[in-house]
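Student: I am new to this structure and would be grateful for a close look at a single part of it. Please explain that part in one connected account and then place it within the whole.

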Amino acid sequence: MEGMDTMSLAQARRTALAAQGLHRPRRVRAGQPTMRDLQRVVDTVGLLQIDSVQVLARAHLMPLFSRLGPYDTGLLERASRRAPRRVLEAWAHEASYVTPEVYRLLAWRRARVATDAWGSIRSVATSHPEVVRVVREVIAAHEGLTAAEVHELLLADGVVEARQGENWGWNWSVAKQALEYLFFTGEVAAARRTTTFERVYDLADRVLPASARGDVDDDEAVRGLLELGARAHGVGTLRCFKDYVRLRGTVVRTAMEELVDGGVLRRVDVHGWDEATYVHASAVRPRSAGAATLLSPFDPLVFERTRLERLFGLRYRLEIYVPAAQRVHGYYVLPFLEGDRVTARVDLKADRRAGVLRVESAHSEPFTRTTTALALARELQVLAGWLGLPEVLVSGRGDLAGPLGKSLEETFATGGDPRSGGADGD
């Protein structure tokens, strides 16, 4: 198209990294990152996906580590549980911590429980309206309850029957379904998490800061959420942008057209991409990228797998649910970002009982550099220090395992990397 902006693939990669705050080396600092540093990352990415898997560290903790280095995880705990809260739980890109401003825009989704919630949550209001009513009253009468506590209170009053089976996580009681319905609709909110990672529910009016409240019309909400995805990606397609908070429906394309007409998004021709591609008006286009950091499988940069492959040449699959014998790279595999390329991937496990960060496998990528083994060894030592693990051990799996093991021996022998100090991460 005549006059269209153009980008090389390398420029698109660097633009995407800058949008996520991953284009520069982490700041060298005298002390640990502060709440202001955490706020800067949260404002940049807009959301942190929550997942209970903690073979290494919980999912929402790792993107902050990737961008800040060793930090006190109590910062995020305080940001999510102390008024006025800086982050709130919501259904965004799956369960997520979001900024209050994003929470306000997500009222659009909360109003669509009948179409956007999954089966048992969607139907409980009609199948068990009395339970929903009582759960609402119980939450109002108490200041913070877990689902298990709500269930026991309703059980004692004869409102519900004892649940069958032992697996609380997947065998939800009717009380839990009612709670999740009220959470989805925004009548209740997550006040905090327990030490066992259970949500503690309270009335939304007692949890939400002022910036998370207020009416927002549907058009503004969808446009704002799509713009969040575009700003957090920097450059990408409609599919990329709407996946960030899992938007769907014809209203999304209308919102896209409005963002283009308003100059928020501009068409761009990225070399090798055959879909209509757009760049956000605020996007930064660095001439170079210098980060060296591990990326969680739940990192916002990794969310959209097609985009990841197109930008970085990385075909990535989370193999947690793949039978062990069929896994290619491992159970919990983290890509290693070095500059503007993913140069390796490692399967990691925090063995807290033994005090060891275990590298179950280490594989090179087509863009592996001569510096990769040493850079990755230093990053693993930083990660181990943050997790409170004195040792890093590499198994023999993967073509990079040998060079990585030797580099780790060298870094430990010479005192390691000066960035390796940090707080316990879990």
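Tutor: What follows is an account of one sheet and the helix that packs on it, and then of the surrounding protein.

The model is a predicted one, and its protein contains 17 helices and 14 strands. Within it, let us turn to an open sheet built from 4 strands, whose order is 1-8-9-7 and whose pairing is mixed. The edges of this sheet are formed by strand 1, residues 5–7, and strand 7, residues 235–236; each has a single partner strand, so one side of each is left without a neighbour in the sheet. In general, the strands of a sheet pair through backbone hydrogen bonds, in either a parallel or an antiparallel sense. For strand 1 the pairing with strand 8, residues 265–270, is parallel and runs over 3 bridges. Within this pair, Met7 lies opposite Val270 of strand 8.

Helix 1, which spans residues 9–19, packs on the sheet and touches strand 1, strand 7 and strand 8. The direction of helix 1 makes an angle of about 90 degrees with that of strand 1. Helix 1 is also mostly covered, since 8 of its 11 residues are buried. The buried residues of helix 1 include two arginines, Arg13 and Arg14, as well as Thr15 and Leu17. Alanines are found there too, namely Ala12, Ala16, Ala18 and Ala19. After helix 1 comes Gly21, which has a positive phi, near 70 degrees.

The wider protein gives this part its setting. Of its 426 residues, 54% count as buried. The largest nonpolar core holds 89 residues, and Leu56, Leu348, Leu357 and Leu383 have the most contacts inside it. Helix 16, residues 372–386, provides the largest share of this core, with 8 residues. Leu56 illustrates how distant parts of the sequence meet: among the residues that it touches are Met62, Tyr332, Leu348, Leu357 and Leu383. Separate from this is a second core of 25 residues, including Val135, Leu154, Tyr181 and Val188.

Finally, consider the overall form. Among contacts in the protein with a separation of 6 or more, 68% join residues 24 or more positions apart. A compact globule of 426 residues would have a radius of gyration near 22 Å, and the protein, with 23 Å, agrees with this. Its C-alpha atoms fill a box of roughly 65 × 60 × 45 Å along the principal axes. The protein exposes about 18,900 Å², of which carbon and sulfur atoms supply 49%.

Conventions. Residues are numbered from 1 along each chain as its sequence is written. This is a predicted model: local features need pLDDT of at least 70, side-chain atom pairs count only at pLDDT 80 or more; totals for chains, interfaces and linings use all residues. Side-chain values use heavy atoms; hydrogens and water are left out. Two strands pair if DSSP finds at least two bridges between them. Contact means heavy atoms within 4.5 Å. Axes are lines fitted to C-alpha atoms, for helices over the stretch in contact, and angles run from 0 to 180 degrees between N-to-C directions. A nonpolar core is a set of buried Ala, Val, Leu, Ile, Met, Phe, Trp, Tyr and Cys residues joined through side-chain atoms within 4.5 Å. Buried means under 20% relative accessible area, exposed over 50%, partly exposed in between (1.4 Å probe, protein chains only). The radius of gyration is taken over C-alpha atoms; the globule rule is 2.2 Å times the number of residues to the power 0.38. Accessible areas come from the Shrake-Rupley method with a 1.4 Å probe; for residues, only the protein chains shown count as cover. Lists of a residue's contacts leave out its neighbours within four places in sequence.
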